[in-house]
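Thanks for making the time this morning. I would like to walk you through one helix pairing and then through one histidine, and I will keep to what can be read from the coordinates.

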Amino acid sequence: MPLSHAPSDQLVLPISRPSLRAGSRPTLTDRFLAFDAAHPYVYRALERLTADRLATGATRVGLKALFEDLRWQLPAGVRGLNNSFTALYARKLIDDHPHWATAFELRRRRTL
């Protein structure tokens with residue numbers, strides 16, 4: 001399966017609202033939004049790490065590698081930096097910094 005940046009015909013869904021399905025388990029998006037709201041410094045750190053990597057001449061940035069760097073920098077008590085959040089953080093970074101879109105490889109989301 002070829003990998004590509006978000007194609008123009010791909011449906012891009014907002015991730016700003018949690019789902020409100022009664023009695024359901026929280027979705028990945030729900031968990032991401034809760035974590036991001038509780039730990040806004042994680043996103044700011046990812047922004048800084050991305051900007052630093054691109055400033056050194058990198059043309060591609062891997063969010064999983066940034067997560068590993070970030071784990072070394074975060075206070076020991078911070079839990080919940082889930083690798084499943086990397087794609088959502090990449091999309092959020094691209095939403096806030098469209099000029100970084102070519103630095104991240106995105107795949108189509110299978111679930112919401």
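**A helix crossing and a histidine**

Let me begin with the crossing of α1 and α4, in which α1 passes α4 in a right-handed sense. The two helices pack at an angle of about 65°, and their axes lie 10 Å apart. On the α1 side the contact is made by L28, T29, F32, F35 and D36, while α4 contributes L88, Y89 and K92. Sorted by character, the residues of this contact comprise 5 nonpolar, 1 polar and 2 charged. I should say at this point that we are looking at a predicted model.

Staying with α1, which spans residues 28-38, we find that T29, D30, F32, L33, F35 and D36 are buried. As for what they pack against, the buried residues of this helix meet both α2, residues 40-55, and α4. As a reminder when reading that list, an α-helix has 3.6 residues a turn, so residues three or four places apart point the same way.

Now to the histidine, H97, which sits in the segment after α4, the helix running over 86-96. Is H97 buried or exposed? Its relative accessibility is 18%, and because the cut-off for buried is under 20%, H97 counts as buried. Once its neighbours within four places in sequence are set aside, H97 is in contact with Y43 and E47. With E47 there is also a polar contact, in which the side chains of H97 and E47 are joined at 2.6 Å.

Notes: Residues are numbered from 1 along each chain as its sequence is written. This is a predicted model: local features need pLDDT of at least 70, side-chain atom pairs count only at pLDDT 80 or more; totals for chains, interfaces and linings use all residues. Side-chain values use heavy atoms; hydrogens and water are left out. Helices (H or I, at least four residues) and strands (E, at least two) are DSSP runs, numbered from the N terminus. Buried means under 20% relative accessible area, exposed over 50%, partly exposed in between (1.4 Å probe, protein chains only). A polar contact is a pair of N or O atoms within 3.5 Å; within protein, one must be able to donate a hydrogen and the other to accept it, and residues adjacent in sequence count only if both atoms are side-chain atoms. Contact means heavy atoms within 4.5 Å. Axes are lines fitted to C-alpha atoms, for helices over the stretch in contact, and angles run from 0 to 180 degrees between N-to-C directions. A crossing is left-handed if the near helix is turned anticlockwise from the far one by less than a right angle, and right-handed if clockwise. Ala, Val, Leu, Ile, Met, Phe, Trp, Tyr, Cys and Pro count as nonpolar, Asp, Glu, Lys and Arg as charged, and the others, Gly among them, as polar.
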